[in-house]
Structures are given as structure tokens and as C-alpha cells.
Amino acid sequence: MEEPSGASAPRIEMRRIVKRYGPTLALDGMDFDAAPGEIHALLGENGAGKSTLMRVLAGLVRPDSGEIALDGRPVGIGSPTDARVLGIAMVHQHFTLVPAFTVLENLALSAGRDPMRSIPVRLAAEAAIERARELGWTLDGNARVGSLSVGSQQRVEIVKALATEAETLIFDEPTAVLAPPEVEELFAVLRRLRDGGRTVVLIAHKLAEILAVADRVTVLRLGSSVASIRTSDTTAEQLASWMVGAAPPAHPAADATPSPRPAVDACGSADPRDLLVVRGLCVAGDRDELRLQGVDFQVSGGDIFGIGGVDGNGQSELAEALVGLRPAAAGTVLWRGEPLLRGRGISIGYIPQDRRRSGLALDMTIEENLILSAIEDPVNRRGPFLNRRALRELAAGLASRFDVRAGSLDLAGSSLSGGNQQKVVVARELHAQPDLVVAVNPTRGLDIAATRFVHEQLLAARDRGAAVVLISTDLDEISALCARAAILSFGRLQPFQVGHVSAADLGLLLGGIATRRGAI
Amino acid sequence: MSGAPIRPNGPQYSRLLVYAALAIGVTTVGILCRRTWPGAALHAILVGAVGDSRSGHLYAISESLVSACPLLLTGLGVVVAWRAGMFSIGAEGQLLMGALAAIATAGLARNMPGPVLTLLMILAGSAAGAGWSALAGWLRVRRGVPEVISTIMLNYVALYLVGLLVEGPLQESGQLAQTAPVPAAAMFARLLPASWTGGVPARLHSGVLLALLAAAACYVYLYITPEGLRLRVLGSNPEAARTAGFAVDRIRVRAMALSGALCGLAGAIELAGVAGRLYPEFSPGWGYSAIPVALIGGLHPIGTALSALFFGGLAAGCGNLERMTGVSAVLINVIQAAAVLAVIGVRAWRNRSAGAETV
């Protein structure tokens with residue numbers, strides 16, 4: 001590995017870091033360094049060790065051996081507090097906010113004092129909100145964090161890290177929940193931080209993003225560093241081949257046959273082939289505010305309907321209404337012409353937005369999480385009891401078919417990496433060949449291989465005739481999988497012609513402004 | 001290539017907590033036993049729990065099992081409710097309601113044949129406990145009343161209801177605040193002939209077998225039935241249960257009812273196995289001890305059976321300690337508390353070391 005030419009002494013030097021979890025070697029003598037005034041991307045598949053390495057740097061994980069130096073001085077980082085004192089802050093992929101606290105209180109908490117009493121701390125938090133406004137983010141200081149969308153929670157998380165005046169900022173997949181305009185905004189923020197002399201470490205999956213924003217990239221595979229190179233000296237193909245050890249094959253959706261239906265008919269009139277018909281759907285959110293304001297669309301069998309847009313515009317409410325978890329305030333959801341009732345003559349595969357919050361029971365075993373919905377099937381029952389042998393075989397079969405990498409299925413779900421947790425959810429929801437599939441951000445935070453796998457599963461569901469609704473913030477994903485799509489913004493659907501929208505139009509759509517055909 | 005070795009494991013506060021708890025426990029034993037050898041005190045506890053070669057083992061073991069029986073059933077009740085994420089503190093009240101319903105049944109159906117009456121008492125006790133507990137469950141799902149509060153409140157209602165009734169409609173004629181006895185034919189059979197225990201009749205009754213059976217049934221319910229699996233998912237992650245389409249409210253009320261049925265059964269069995277009649281101080285706080293019993297049992301039915309046996313033995317042992325040395329049997333509370341602290345400490349320590357495990 002070569003030192004970047006002409007760069008000053010690295011701010012961070014990590015040498016021969018080893019971390020072992022039981023039989024798994026998460027970090028196998030990893031070296032890493034990053035300079036001040038640099039955006040340094042860490043690239044690798046799930047389980048390559050990116051997060052672990054950064055958690056070592058942030059004091060969250062104690063390595064088994066290895067050395068760390070900051071600005072040439074050897075340091076020991078035994079706790080997150082040590083890291084903070086040394087000027088290292090991390091923006092986590094899974095948020096470290098207190099849901100019951102307000103935004104202000106959470107920001108005050110990170111200042112390390114009692115949020116209820118300390119008035120100067122409160123002022124500091126307000127200063128942080130002011131800083132967020134300079135970045136173009138409006139945060140309501142008095143909103144409860146638990147009631148915010150995932151996207152907004154991430155902004156709070158980022159502002160929290162910025163507020164600590166850290167010299168080194170670690171971002172763990174910050175773009176996973178953001179829509180394109182927000183990603184651009186974030187990148188502008190990252191560049192501003194870099195130009196101010198800070199070191200920005202970015203854990204990322206998306207090659208295009210890395211090439212767009214990072215100055216240097218370190219590629220990780222199986223716990224060691226494969227390459228470290230300036231982004232101007234490399235290409236996406238080269239990075240991808242380093243990351244997976246071989247060039248990844250073309251995306252399966254690229255050669256997928258398009259749906260016979262014309263794309264322009266995104267939200268048009270009913271068709272006898274339509275299985276799912278949604279008309280005038282209005283749905284209230286958790287605080288009784290109207291989150292969907294008259295949504296119309298329909299999906300036929302063998303079709304994937306894409307719904308794009310930024311998180312928090314009614315996406316999760318729409319998904320829950322579709323699968324019968326949330327009542328409609330007005331309008332109808334019809335399945336084959338009848339009101340859709342979960343468990344009545346329809347099987348639904350539902351991949352919820354947040355696998356940790358609503359997809360899995362993390363302290364139960366992987367096996368139990370895999371079979372959760374299969375227990376309704378009489379095949380898996382023996383009188384009033386579960387047929388444990390059948391379920392065990394089912395779980396083992398699913399684990400191998402869906403490539404869930406676990407030491408044992410009797411381990412807790414929390415022992416799996418994020419990608420494997422998502423595979424458990426996908427396996428559970430799709431293996432029974434449901435008639436209707438509703439997937440919300442199904443590939444959020446997954447690596448290329450896992451993403452491709454989930455996409456293949458959705459395409460397979462489509463090909464055997466299921467109606468699939470894909471709700472995703474990733475418009476590339478929607479373009480790749482869906483023949484018809486729409487953008488959900490501010491509770492309304494805007495038609496969106498896959499592959500024929502300019503970036504400017506897209507920005508308008510996401511901002512809730514209808515183009516061309518007008519609001520539906 | 002400069003750099004210092006990374007600091008090895010820092011202080012592990014929670015492990016210290018374990019040691020502290022154990023130390024406090026042991027020291028307290030020492031202090032309380034100032035007039036005796038701590039060794040002698042511990043020996044007295046051991047003899048009380050499992051006996052020795054001089055007095056024989058059967059009698060002491062019988063006492064331990066009899067003491068373990070209500071702890072086991074109420075502990076199972078706690079396991080079922082807490083595993084569903086319902087933090088019921090109401091085992092005590094449900095046990096009392098179970099005993100109350102059982103003695104009322106015994107009064108009303110006095111002329112039934114013994115075994116039939118026993119069966120009716122058990123059913124009435126379970127039903128009363130289930131109803132009392134389901135009330136708290138219903139308040140939670142319909143009215144949003146936290147079950148922690150409502151079950152504690154219902155404990156007081158049950159306690160004073162028992163006090164009121166045993167001095168009123170259910171009082172046996174006489175001065176004492178107690179009910180008429182359960183008809184002898186309806187009492188649980190004693191399992192050990194007096195000749196086996198040196199002439200002293202041992203109190204081991206067939207209700208203890210019922211309690212052990214209940215532990216096995218709880219295991220089957222929680223781990224080998226669909227309802228049990230759903231119940232545990234709900235307790236582990238309510239949002240995942242809701243997302244999976246489970247009837248969350250129904251599972252909550254059902255778990256509370258089942259939990260209450262086990263506690264009510266504890267009351268009925270204690271009544272028909274040992275006490276024979278109901279009086280205000282019927283329970284020495286079994287329903288509250290049930291929580292440490294269940295926690296130390298890892299909220300698992302089999303673990304709870306083991307921990308109930310341990311605490312049953314401890315209760316019998318401390319009774320013996322009091323008789324032999326005059327050290328108060330209150331010591332058992334100290335040991336119980338020390339054990340709970342140790343468990344919480346160990347769990348916190350495990351979580352700390354497991355917390356970093358997501359790669």
C-alpha cells in the first residue's frame with residue numbers, strides 16, 4: 001500500500017488491527033490511514049470489516065491487537081468518550097438517538113450533560129440546529145425523535161456529530177436513506193468539512209458516490225485492506241473487482257423483459273388484469289395527521305410497480321395500508337375486486353422498511369425468525385403443536401437457499417450482519433410464494449451481492465405472477481426493476497416515467513411539484 | 001510505525017457488581033450470624049433444605065418441595081406474562097384471588113365427593129386468577145393503563161378483599177379471622193407415609209406434582225405451539241409482531257390470563273395442599289418472590305423450576321436456621337436480593353461483551 005504522495009503526516013494511522021468474533025475473523029491485521037483535509041471512502045461488501053474498523057476507531061470495539069496513532073502520536077481508544085476527547089465522531093448507520101427525547105434534548109445529550117436542567121447545553125443544541133439550517137436542513141427542535149422519518153433522524157444524527165467540533169468524522173453509509181437531491185446536499189456538506197481541514201471517513205457501497213465525493217478510497221475484503229488509491233486514479237470497474245475479488249456480472253434487471261403494459265399508463269384506468277387496485281386512499285399517521293391524501297394506482301399480476309420518493313412522505317403508511325396493518329381513513333384497497341383483508345384468501349409478503357425495528361425479533365433465534373410466518377401452514381403443525389422437525393428443515397433449507405450466512409441457526413438474530421438479517425426477512429416473506437409482495441427499501445444498507453440477490457428474488461416473484469409493489473428511495477433500483485413507477489411526495493403520487501426524466505424534473509417531482517401531466 | 005499497544009480490557013463494572021452483591025450477601029450472613037459460626041448457620045440452612053444422615057433426607061426435601069410449589073407456579077405466571085412483554089407484578093393478588101375462589105367453591109360445593117371438589121377448587125382458583133389478571137391486560141390494551149401499575153393496585157384490592165371476606169361472609173363461626181377449613185376429603189393426598197419420615201408426617205402433597213406438570217406444560221406452550229412462538233415474538237419486539245400481522249392485543253390479554261391462571265392455581269393448590277383454610281396472612285409474599293424466582297430462572301419454565309426448587313430449599317433451610325440458632329428467617333430475603341443483583345450484573349456484563357458483536 002502506498003502513502004499518498006505529497007500529503008502531510010496522516011491524521012489517522014491504524015496498524016495491524018485484528019478483531020475476532022468467535023470463529024469469525026472480522027479484521028485480519030488491517031492497515032488504514034487517512035490525512036487531514038481528505039474525504040476517505042471505505043469500500044467493501046457486508047462483513048468485509050468496514051464498520052468494525054471504524055467502530056474500533058470510534059472506541060466502540062476493542063481490537064484484539066494492533067496500534068492506532070493520531071497525528072503521529074500513539075493513542076489508546078478504550079471508549080467512545082476517549083474517541084470524543086481525541087476529536088473523533090461517528091454518524092451511525094443505525095441511529096443512536098433516544099426516540100422519546102426531542103431533537104434538542106438529543107443534541108444536548110451528546111454534549112454530555114443532563115438535557116433537562118442545563119440551560120447552556122440547551123443553547124448549544126440550539127446552535128447546532130442553527131448550524132443545520134446553514135446546511136439547508138430545517139430541524140424542529142421540539143419534535144420527538146421517535147416520530148421523525150428515518151431520513152430526518154439521520155440528519156439529527158449528522159448534526160449531532162458535527163456539533164462536537166470533531167476533527168475526524170466517520171459516516172457509516174450516510175446516503176442509504178437519502179434521495180438524490182439530499183445526497184448532493186450531504187456531499188456539499190462533506191466537501192465543506194474537508195475544505196475546513198477535517199478528515200472525513202465515509203463507509204459506502206455505491207461506487208458512483210465514492211467516485212463523486214471521495215478523494216481517496218480504501219477497498220476492504222474479508223477483513224484486510226486490498227487497495228488504497230486516489231479516486232482520480234481508478235475506475236468503478238476496478239473498484240468493483242477489488243471489492244468482490246472478481247468483476248461482478250451484469251445486473252439481472254438489465255436484461256429483464258419489460259412488462260407488456262405501457263409505461264405511460266402509470267396511474268391510468270382500471271384493467272381486468274389488475275389484481276391490486278388502490279383508489280382514493282387516504283391514511284392517517286401515528287399522530288392522526290393525514291399522511292396519504294388520495295392515492296390511486298393499480299398493479300397486475302407479473303408486474304412490479306415502483307414508488308419512489310424521499311422517506312417520510314407517506315411511504316411507510318402506504319405500505320402498512322397495503323398489507324392491512326393500517327386502516328384507510330378514506331378510499332379503498334381492492335384485491336381481485338374485493339376489499340383486501342390480510343389472511344383472507346390472499347398471502348402477502350411484506351418486507352418492512354426497518355428490519356431491526358419491525359422485521360425481526362433480534363433476541364430470538366435465527367430459525368425462529370425464519371419460520372415466523374410459516375407456522376400458519378398446516379404442514380408445519382401437528383395438532384395444536386408445531387412440527388419442529390418440519391420447521392427445522394424448512395429453516396435450514398431457507399438459510400441455504402437464501403444464502404443466510406450464520407454459524408448456527410440457533411444463534412440470536414442479532415448475531416447476524418445487517419445484510420444477512422435482511423436475507424432472513426426476504427426469505428421468510430418470499431419463500432411461500434405470496435400473491436402480493438410489498439417491499440420497502442428492501443436493499444437499504446446491503447452490499448452489491450446481497451442487493452443483487454434481493455432484486456433477483458423480487459423479479460422471481462414477479463415472474464411467477466405475483467403483484468409486486470416496490471417502495472424505495474433508490475430511484476436507480478426502481479428504474480432497474482420497474483416498468484411502471486410513480487413518485488410519492490407529500491402524500492400524493494406523481495407519475496414518473498422510468499428512464500425518461502431529467503435530473504431537474506426529478507428534483508421537482510421529489511419536491512412534490514408535478515411535471516407535464518399534472519397531479520393525479 | 002509508531003503506536004502503543006491498545007489498552008487491554010478496561011474495568012468491568014458489572015462484574016464488580018456481581019462480586020459486590022455476593023460479598024454483601026455473604027457479609028450479611030456473617031453479621032446476622034454473629035452469635036453463631038457462619039459455617040454453622042450455613043450448615044443449618046443446608047440441613048433444613050436437604051436434611052442430613054441423622055434426621056434423614058426425605059422430610060427436609062419434602063419441606064423444600066412444599067415451599068417451592070407456590071413459588072414455582074407464580075414464577076411460571078411471571079414467565080408467561082413477561083415473555084409476552086407484559087410486566088405484571090400481580091402474581092400476589094392473583095394467587096389470593098385463586099385461593100379465595102377455591103375456598104368459596106369449597107364452601108358452596110361442600111357435599112361433593114372429595115376429588116370432584118378438589119377439581120372444582122382448582123378450576124375456580126385458576127379462573128379467578130385468570131380473570132383478575134386479564135382485567136389488567138384488558139385495561140392495558142383498551143385503555144392504555146400500564147400493567148405494572150394496574151397489577152400492583154389489583155394486588156391491594158385482592159388483599160383487602162380477602163381480609164374483608166374472611167371477617168365477613170366467609171368467616172368461620174368464632175373469633176378468628178379465618179374461613180372454615182376445606183373438607184378433609186378435598187385436600188390433596190399426602191405422598192409420603194409418616195413411617196418413611198421417622199414418624200413425623202411430611203407435608204409433601206400431590207399438588208406439587210401438578211406444579212411440576214405446569215412447568216412442563218409452560219415449556220411446551222412457549223416453545224412448541226404457534227401461540228407460544230407469537231407470544232415470545234411479541235415480547236421480544238412488539239413492532240415485529242404487529243408487522244407480522246399478529247393479533248397483538250389478543251395475545252397480550254391471553255398471556256395475562258394464562259399468567260393469572262397459573263398464579264390462581266398456586267393459591268388453590270396451597271389452600272388444598274397445606275393451609276386448609278384462608279386467612280389474611282395466607283401468603284408470605286410468594287407472588288412478589290415469584291419475580292426473582294422467574295428472573296433467576298432466566299424467564300424460562302425449566303430454569304424457573306430449578307430456581308423455585310433452590311428458593312424453596314432456601315425457605316425450608318432458613319426455617320430450620322431460625323429454629324436451630326435463632327437467626328431470623330428474614331435472611332432469606334437478603335439472599336434473594338443478593339442473587340437478583342448477581343443475575344442482573346452477570347446479564348449486564350454479558351450484554352456489554354455481546355453488544356459489540358454486530359460486524
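Which residue follows α12(A), and what is the sign of its phi? In this predicted model, α12(A) is followed by Asp403(A), whose phi is positive and lies near 60°.

**Chain A as a whole**

The secondary structure of chain A comprises 16 helices and 22 strands, and of the 520 residues in this chain 48% are buried. When contacts in chain A are restricted to residues at least 6 apart in sequence, 69% of them join residues at least 24 apart.

**Helix α12 of chain A**

Helix α12 of chain A covers residues 388–401, and because 14 residues at 1.5 Å a residue should span 20 Å, the distance of 20 Å between its end C-alpha atoms agrees with the expected value. The buried residues of this helix are Leu391(A), Leu394(A), Ala395(A), Leu398(A) and Ala399(A). They cover an arc of only 130° around the axis, and therefore they lie on the same side of α12(A). The partners against which these buried residues pack are α11 (366–371), β18 (385–386) and α13 (418–430), which belong to chain A. On the face turned away from the buried side, α12(A) carries the exposed residues Arg389(A), Glu393(A), Ser400(A) and Arg401(A).

**Helix α12 of chain B**

In chain B, the helix numbered α12 consists of the 25 residues 301–325, for which a rise of 1.5 Å a residue predicts a span of 36 Å; the end C-alpha atoms are 35 Å apart, which agrees. The residue that follows α12(B) is Gly326(B), and its phi is positive, near 80°.

**Positive phi values**

The residues with positive phi described in this report are listed here, each with its place in the chain.

| Residue | Phi | Place |
|---|---|---|
| Asp403(A) | near 60° | follows α12(A) |
| Gly326(B) | near 80° | follows α12(B) |
| Arg16(A) | about 50° | strand β1 (residues 12–21) of chain A |
| Gln433(A) | near 55° | loop between α13 and β19 (436–440) of chain A |

Arg16(A) is not a glycine, although its phi is positive, and its place is within strand β1 of chain A. Arg16(A) counts as partly exposed because it has 15 C-beta neighbours inside 10 Å, a number that falls between the limits of 12 or fewer for exposed and 20 or more for buried residues. Gln433(A) is likewise a residue other than glycine with a positive phi, but its place is in a loop, the one between α13 and β19 of chain A. With 13 other C-beta atoms within 10 Å, Gln433(A) is therefore also partly exposed.

Definitions and conventions. Residues numbered from 1 in each chain as written. Chains lettered and ligands numbered in written order. Predicted model: local features only at pLDDT ≥ 70, side-chain atom pairs only at ≥ 80, totals over all residues. Helix = DSSP H or I, 4+ residues; strand = E, 2+ residues; numbered from the N terminus. Expected span 1.5 Å × (residues − 1). Arc of directions from axis to C-beta. Contact = placed C-beta atoms within 7 Å.
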